[in-house]
Amino acid sequence: MITFPVVLVLLGALSIGGRSSTRTEETGQAQQEVASDLQVVLDSLRQAHDGVGVSASVVFPDGSIWTGVSGVSHDSVSMAADMIFGIGSVTKTLTATLTMKLAEEGLLSLADPVEKWLPEFPNIDGRITVKQLLNHTSGVAGFFNTERIWTDFPKDKGRHWTPEEVLTYVGEPYFPPGESQHYVNTNYLLLGMIIKEATGSFVSETYRRYLWEPLGLRNMYLGSEDELPENLAHAFSDIYTKSFGVGNPGVIEDVSAYPRTAHDAIVWTAGGAYATPRDLAVFAHALFTGEILSPHSMARMLDFVEIPGSNEGYGFGVFSYPPGEYADGLETIGHSGQNTGHVNFLVHVPEARLTIVVSANNQDGAWAYGTAVALVKEVLIPPAP
């Protein structure tokens, strides 16, 4: 059984210093006792890695929540717990969960071929199934792997791309459907198109109806379809500026003034969602503790396919990490993601019923989960008898 100090280290591994604040909701006594320690770790690690700002949430086994922030959004504006971040590829966890909910209601089937829902597209095999899109066994190529998109993408950063336009950048398949596994955003773009066809609604509306509103979550958005609130954490990056041909390559700077429209529309249901760490953690905790999907659907979602050349697996919008990678002797599951100067890490420890989300506002922020790996392993070493 995992004790709360594990939470302390796992969360602490992800953050670093500036002005900070912490709060614990619906807390049990144990969580109250470790809250100040969690904040100390959050501050010290952000400072150690020269991070700009970080926001983190922990959902404890009893459902109580700790949220802490450290550093700044920009200039002298402190990071705040209600600031939202682009969660990048963690969007895939949302899209996969929504797909399973629609399957439960009979609006689609995991066995459905793409051609049932969508017209023919070059380099997209119509026989690919919904299931193969979910676990990246479709063989379809990634649109970001085509150099041409990196030439066309920067020309108008405020343009709203359609999924059909994005699919014109997909090259020849990597392999026939079902013969291997290869993670690409294209799979989840196609899922978004199928969801929209199956429901007749914008995907953002369907997210809300099936996932966010039942959980009382009001700080989650799909960037290309929703108007984002003003409390978006500023983003610091050099990757974004290089990609768009602006700014100073190699220099980390505030890129928040550049439009996000083109990027968010291109990645859409594969990487275009936004959330506060708290709301994302509440969603993930509800999902992985069985509050959203039926046991049968959850079992299918967590039926992991081996990732070639890796000791990790991929289910439907969720990675499986082997014992020892994030928690000594215990399996962990989750997803990471990046979006224009934001880095996110979602991890759940099933045996401990513990969920953690950490979001940092600089894209050079591998410390947001890399540091966690080393610290968690140290904490989980069993004490001597």
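The following paragraphs describe the fold of a predicted model, moving from the whole chain to a few helices, strands and one tryptophan.

The protein chain averages a pLDDT of 86, and 85% of its residues score at least 70. Two stretches call for some care. Over residues 1-19 the pLDDT stays under 50, although the model gives this stretch 91 contacts beyond four places in sequence. Residues 371-385 also have a pLDDT below 50, with 29 contacts beyond near neighbours in sequence. Contacts drawn in either stretch are therefore best read together with the predictor's confidence in each residue.

In terms of secondary structure, the protein chain has 14 helices and 15 strands. Of its 385 residues, 60% are buried. Contacts also reach across the sequence: among those between residues at least 6 apart, 68% join residues at least 24 apart.

A good place to begin a tour is strand β2, which spans residues 53-59. Because 7 of its 7 residues are buried, β2 is largely enclosed by the rest of the structure. In a regular strand the side chains alternate between the two faces of the sheet. In β2, G53, S55, S57 and V59 point one way, while V54, A56 and V58 point the other way, and all are buried. Two strands pair with β2. To strand β3 (residues 65-74) it is joined by 7 bridges, the two running antiparallel, and G53 stands opposite G71 in this pairing. β2 and β3 form a hairpin with 5 residues between them, and G63 in the turn has a positive phi of about 90°. Strand β15 (residues 354-360) is joined to β2 by 6 bridges, again running antiparallel. Here the bridge partner of S57 is V357.

Helix α3 is another enclosed element. The helix covers residues 91-104, and its 14 residues reach 20 Å from the first C-alpha to the last, close to the 20 Å expected at 1.5 Å a residue. Since 12 of the 14 residues are buried, α3 is largely enclosed by the rest of the structure. The buried positions run through T91, K92, T93, L94, T95, A96, T97, L98, T99, M100, K101 and L102, so lysines as well as leucines fall under the 20% relative accessible area that defines burial. After the helix comes G106, whose phi is positive, near 80°.

How α3 packs against helix α9 (residues 203-212) can be described with two numbers. Their axes come within 10 Å and cross at roughly 75°. That crossing makes α3 roughly perpendicular to α9. On the α3 side, T91, L94, T95, T97, L98, K101 and L102 take part in the contact, meeting V203, T206, Y207, Y210, L211 and W212 of α9.

T91 and V203 turn up again around W268, which has both among its contacts beyond four places in sequence. W268 lies in helix α11 (residues 261-271). With a relative accessible area of 5%, W268 is buried, and the cut-off explains why: burial means under 20%. Besides T91 and V203, the contacts of W268 include P163, L189, G192, M193, L222, S224, E225 and A273. One of these, S224, is 44 residues away in sequence, yet the C-alpha atoms of W268 and S224 are 6.4 Å apart in space.

Two further contacts of W268, L222 and A273, lead to a small set of paired strands. An open sheet of 3 strands has the order β5-β9-β6, with antiparallel pairing. Its edge strands are β5 (85-86) and β6 (220-222), each of which pairs on one side only. β6 pairs with strand β9 (residues 273-275) in the antiparallel sense over 3 bridges. Within this pairing, M220 stands opposite A275.

Helix α12, at residues 277-288, completes the tour; its 12 residues reach 16 Å from first C-alpha to last, close to the 16 Å expected at 1.5 Å a residue. As 11 of the 12 residues are buried, α12 is largely enclosed by the rest of the structure. Its buried residues are P277, D279, L280, A281, V282, F283, A284, H285, A286, L287 and F288. Just after α12, G290 takes a positive phi of about 85°.

Terms used. Residues are numbered from 1 along each chain as its sequence is written. Side-chain values use heavy atoms; hydrogens and water are left out. pLDDT is the predictor's confidence in each residue, from 0 to 100. Contact means heavy atoms within 4.5 Å. Helices (H or I, at least four residues) and strands (E, at least two) are DSSP runs, numbered from the N terminus. Buried means under 20% relative accessible area, exposed over 50%, partly exposed in between (1.4 Å probe, protein chains only). Two strands pair if DSSP finds at least two bridges between them. The expected span of a helix is 1.5 Å times one less than its number of residues. Axes are lines fitted to C-alpha atoms, for helices over the stretch in contact, and angles run from 0 to 180 degrees between N-to-C directions. Angles under 35 degrees count as roughly parallel, over 145 as roughly antiparallel, 65 to 115 as roughly perpendicular and the rest as oblique.
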